[in-house]
Amino acid sequence: NEDVIIDNSQSNSPSNSLKFQGDPIINGPTDILLPFGASTPYTNGYFEFTSNFYITSGAYFNFQADNTPGTTWALEALFDNGTINFGSIVSGWFFFVPYPANQWFELKMAIDLNTNSWNVFIDGVFQGSFNNATNQLASLNLHPLAGHQFYVDDVCYEYSTSPIWNYGCIDSTAINYDSTALFNDLTCIYLVYGCLDSLALN
């Protein structure tokens, strides 16, 4: 495995970032791993991953499911021509999210391992969720494929056995809208206008 390049030509927060430059023909050579703590693999609880990306010509990462790297890939993410493809290079992609090229953006994944709910956000905006076939996490693997060039900054993760996000009404048109809520708890209440006179025909 090759060490990653520390670069100051692009950074989301001063003044450096990780630069990944793929070989023109073959995948790699950079291949780095970030273990998600001493208690992995996580098979239940709540996990949040955030990172800022700057994609110039494609990017790739995966979550490893086991403590021994290369045993099981929990999820792969391929950034290609403005779309993040989630799934697997081998078995296929099943969830797709747009991303902005040639600028910094934040990818957040809020994962409820108890319910197998993998939620995706771009710059704080919810993009959707999916159930994942391999519902456990051990580490992050950053690895450029052939021809890729991208930058990574501000990589963070958090794990807890207790909820780490607020649940509430996330519809701003509801009277009980909660601006601090990350996930909808299906409690939204809406004003309904109409005739209140029981003697009226309508």
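Accessible areas here come from the Shrake-Rupley method with a 1.4 Å probe, and for residues only the protein chains shown count as cover. This is a predicted model, where local features need pLDDT of at least 70, side-chain atom pairs count only at pLDDT 80 or more, and totals for chains, interfaces and linings use all residues. Residues are numbered from 1 along each chain as its sequence is written, and side-chain values use heavy atoms, with hydrogens and water left out.

**Exercise 1. Get an overview of the protein chain.**

Task: Find out how much area the protein chain exposes, and what share of it carbon and sulfur atoms supply.

Solution:
- Step 1. Start with the surface: about 10,600 Å² is exposed, and carbon and sulfur atoms supply 50% of that.
- Step 2. Now the outline. Along the principal axes, the C-alpha atoms fill a box of roughly 80 × 35 × 35 Å.
- Step 3. Count the elements, taking helices (H or I, at least four residues) and strands (E, at least two) as DSSP runs numbered from the N terminus. You get zero helices and 15 strands.
- Step 4. Check the burial, where buried means under 20% relative accessible area, exposed over 50%, and partly exposed in between (1.4 Å probe, protein chains only). Of the 202 residues, 44% are buried.
- Step 5. Look at contacts, meaning heavy atoms within 4.5 Å. Among those with a separation of 6 or more, 58% join residues 24 or more positions apart.

**Exercise 2. Follow the strand pairing.**

Task: Work out in which order the six strands of the open sheet come.

Solution:
- Step 1. Two strands pair if DSSP finds at least two bridges between them. The order is 3-12-5-6-7-8, with antiparallel pairing.
- Step 2. Go to the edges: strand 3 and strand 8 (92-98) each pair on one side only.
- Step 3. Add the twist. Axes are lines fitted to C-alpha atoms, for helices over the stretch in contact, and angles run from 0 to 180 degrees between N-to-C directions. With direction ignored, neighbouring strands of this sheet are turned by 20 degrees against each other on average.
- Step 4. Zoom in on one pairing: strand 3 and strand 12 (residues 139-142) share four antiparallel bridges, and Leu-34 has Leu-140 as its bridge partner.
- Step 5. Try other pairings too. Strand 1 (residues 5-7) and strand 2 (residues 17-21) run antiparallel, joined by three bridges, with Ile-5 opposite Lys-19. Strand 2 also has four bridges to strand 13, again antiparallel, and there Phe-20 stands opposite Phe-150.

**Exercise 3. Take a closer look at strand 4.**

Task: Decide whether the faces of strand 4 are covered or open, and name the residues on each side.

Solution:
- Step 1. Both faces are covered, with Tyr-46, Glu-48, Thr-50, Asn-52 and Tyr-54 buried on one side and Phe-47, Phe-49, Ser-51, Phe-53 and Ile-55 buried on the other. That fits the count of ten buried residues out of ten.
- Step 2. Look at the pairing partners. Strand 4 pairs over nine antiparallel bridges with strand 9 (residues 104-112), and over nine antiparallel bridges with strand 13.
- Step 3. Pick out single partners: Phe-47 stands opposite Ile-111 in strand 9, while Asn-52 has Asp-153 of strand 13 as its bridge partner.
- Step 4. Stay with Phe-47, whose relative accessible area is 0%. Leaving out residues up to four places away in sequence, Phe-47 touches residues including Met-109, Leu-137 and Ile-164.

**Exercise 4. Hunt for ring pairs.**

Task: Find how many aromatic pairs there are, then see which parts Phe-36 and Tyr-157 tie together.

Solution:
- Step 1. Rings of Phe, Tyr and Trp (its six-membered ring) pair if their centres lie within 6.5 Å; planes under 30 degrees apart count as stacked, over 60 as edge-to-face and the rest as tilted. The count is 29 aromatic pairs.
- Step 2. Phe-36 and Tyr-157 make a tilted pair, because their centres are 4.9 Å apart and their planes stand at 55 degrees.
- Step 3. Phe-36 is in the loop between strand 3 (32-35) and strand 4 (46-55) and Tyr-157 is in strand 13 (residues 149-160), so this pair ties together parts 121 residues apart in sequence.
- Step 4. Compare the burial: Phe-36 is buried at 0% relative accessibility, whereas Tyr-157 is partly exposed at 36%.
- Step 5. Tyr-46 and Trp-165 form an edge-to-face pair, 5.8 Å centre to centre with 80 degrees between the planes.
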